[in-house]
Structures are given as C-alpha cells and as structure tokens.
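Let's take a walk around one helix and its surroundings. Have the model open and follow along as we go.

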Amino acid sequence: MKSGPVVVAGGLNTDILSRLPAPLRLGTSNPAHTTFSPGGVGRNLAQNLAQLGVPTRLLGVVGDDAFGESLLNLTAASGVDVSGVLRRAGPSGSYLAVLTEDGELHAGLSSMALTAALTDAEAQRWAGHLDTASALIVDANLPPEVVARLLDEAARRGVPSVLEPVSAPKAGRLRPLLSPARPVWLLSPDRAELAALTEQNLTAADDAALLDAAQQLRQRGADFVLITLGQRGSWLVGEGLPIHTPARQAQVLDVTGAGDALLAGLIAARWYGQGWPDALRQAHLCAALTIEALGAVRADLSSERLLAEWGRPVLLLSSAF
Ligand SMILES: Nc1ncnc2c1ncn2[C@@H]1O[C@H](COP(=O)(O)OP(=O)(O)OP(=O)(O)O)[C@@H](O)[C@H]1O
Ligand SMILES: [Mg+2]
C-alpha cells in the first residue's frame, strides 16, 4: 500500500451565515448577525484530514478575489498542501445561508461557478497528483466529467477512491457514472443521496430497504457503501458486513460539516491502519465534536483531542491504508 498523501478534489467555498434576530421581511433591509468562514466539502474534508495528521493535498479552484486568497491561506495554515488549487479570474465559491432565530435554514444560496466550469482537460492535468497518492477523495461539487476522469485515473494507478455525493441533486448526476468498470472503494451517501443514486423513494424506507439499495450500488462498482443517518448513526455495507454504528450523543449547536467530519475521521483512521469498527467509532466522534461547535470544521479537532475524548489511542502510528 502507498503511504503518500490523500488527494482530495472538490469544492472550496466561503460559508456566509446570516442569522436573523427577528422574522425576515422581504423586499427591505433586515438586521442580521453574519459570519464568514472557510467551507466547501472537499476543503472541509482536507482540513479535517490534515488536522488529524494525514498528509493531504487539495485540488480545486478559487477566484482572484480576497475570499480566494483567504481560503488558500487559511487552508494551507491548517496543514493542507494547496499547491494543486487553481486560481482563476472571477468570484470564489460561496455558500450564503439565511438562518432564522432558531438556527433553521430560511434559504441557502450556493455560488460555485468556477468549480462548475472545471473541465476534463483540467482533470487530466491533475492526474499526476495521483501517482504518489494513498487515496483519492472526490466530492460531487465537481462536474461529472471531472469526477469520472479522476476516478478512472485513480483506478488506473491502483489508488483507492472515495466518492462523496454532497447532495441529492449532485448525487443524481453521479448515477450514470457508476459502473463495475469504474471501481470506487467507498461511497458515502445519506438517505436522500442514496435515493438519488438508486432512483428510489427511500423517504420512509426501513433499514432493510436502505441496505438493499446500498447492495445495488455495490453491484455498480462500489466496494463499500457508508449510509449516514444523522442521529441514528450509520450503516457500512461491504464484504463481510454490514455493521451499524450508533451516533455519539451530541449537544447540537451547528450541524454544518457533520458529514465531512465523519468521512474525514473514517479515512484518517483507515489511513492509520485501523479496522472498520474502530474507524467508524472515531468517525462518529469527529462528527459529534463538529456539531457541538460553530462552523464547518473545528480548528481544535486533532488526534490529541480524540485521544482525550476517547481515553485510548485512536490513531495508531503505522500507515497502511
Ligand atoms: N443530531 C445529531 N446527533 C448526533 N450526531 C449527529 C446528529 N446529526 C448528525 N450527526 C452525526 O453526523 C453524522 C453525519 O450526519 P448526516 O448523517 O446527517 O450526514 P449528511 O447528511 O451527509 O450531513 P451533511 O449535511 O453534513 O453533509 C452522523 O452520522 C452522526 O454521526
Ligand atoms: Mg453529506
């Protein structure tokens, strides 16, 4: 197994969260409390991995504005190698959420034109980053042809790949890409994304139906499928499985980034050579810690922090992804 960096390809955004102290009045100015913080699924995954001690390289694109500069600087400061992130003319990606007094989402506005405009030619130029990679993680914010190219280039090099579906609409775009000819080591849908990937209505599906849907994805080239179910934990489906792992009890403050922390915690544990049950427990611990704090990534999430929370070493020091 290679012990090189985990390469993460995906979105980099600035999360702009505006909380309203009173009901929203349309067509006029409203007082609000607004915060700006780095986000984007791929970027969040990369920051979490780097903080957990995994060498991590991020591939993506930012604009030529101050937000792009700041995203690059803050992400690099957390330990991520950002040398593969492109800078292009135009506005950097952003996600603007208008939240009610209770923190519920009123409206979310995603602006990711530069990421959406990435092409197969750029993906081909990125392929060299996979030569020494121990794993590839791709987020579905990238255009489907870029996702397909990166998965194929990873497969050609024997690099295991992880596909994070991001949202139900973006998962739907991945559906035609999945095939036994394009193997994916791990696919990590939530319930809505699993429904979009398998074209089924799973809104009220019981566990047996969810596991059945995951098996369908295995027949289309996914070795393992991690179904995340919020406070009900997760199911991991694959050879010799399934296993259910309960979520950790958490005092929820901000659910942003829960899924990203979960996946990064899982990959970090596997990178350090842990088996699935321990890796899954670590993953849920990372998710719980993340939703107990504001922002998509906790700057204090680290292996030391996990050790303190768990009371025993969670990351072994032998790399065998
Ligand atoms: N209310 C909660 N209580 C405890 N843990 C939670 C809660 N919500 C989420 N989690 C944790 O976060 C993990 C990921 O959340 P979820 O299953 O909602 O994934 P997701 O839909 O991909 O999330 P995201 O919107 O962040 O992408 C869960 O498996 C669980 O560990
Ligand atoms: Mg998710």
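In this predicted model, helix H7 spans residues 191–198 and is mostly covered, with six of its eight residues buried. Those buried residues are Glu193, Leu194, Ala195, Ala196, Leu197 and Thr198.

What lies over them? The cover for the buried residues of H7 includes three strands, S9 (161–164), S10 (184–187) and S11 (222–228). Helices H6 (168–174) and H8 (207–219) are also among the elements that cover them.

Now look at the two ends of the helix. At the start of H7, aspartate 190 places a side-chain oxygen within 3.3 Å of the backbone nitrogen of alanine 192. At the other end, just after H7, you will find glutamate 199 with a positive phi of about 55°.

Of the covering elements, let's follow H8 a little further. How do the axes of H7 and H8 cross? They come within 10 Å of each other, at an angle of roughly 50°. Because angles between 35 and 65 degrees fall outside both the roughly parallel and the roughly perpendicular ranges, H7 counts as oblique to H8. The crossing in which H7 passes H8 is left-handed.

To see which residues make this contact, pick out Arg191, Leu194, Leu197 and Thr198 on H7. Their partners on H8 are Leu210, Ala213, Ala214, Gln216 and Leu217. Sorted by character, the residues of this contact between H7 and H8 comprise six nonpolar, two polar and one charged. Leu194, Leu197 and Thr198 are worth a second glance, since they appear in the contact with H8 and are also listed among the buried residues of H7.

Definitions and conventions
Residues numbered from 1 in each chain as written. Chains lettered and ligands numbered in written order. Predicted model: local features only at pLDDT ≥ 70, side-chain atom pairs only at ≥ 80, totals over all residues. Heavy atoms only, no water. Buried < 20%, exposed > 50% of the residue type's maximum accessible area, 1.4 Å probe, protein only. Helix = DSSP H or I, 4+ residues; strand = E, 2+ residues; numbered from the N terminus. Contact = heavy atoms within 4.5 Å. Polar contact = N/O pair within 3.5 Å; in protein donor to acceptor, adjacent residues only side chain to side chain. Axes fitted to C-alpha atoms, helices over the stretch in contact; angles between N-to-C directions. Parallel < 35°, antiparallel > 145°, perpendicular 65-115°, else oblique. Left-handed = near helix turned anticlockwise from the far one by under 90°. Nonpolar A, V, L, I, M, F, W, Y, C, P; charged D, E, K, R; others polar.
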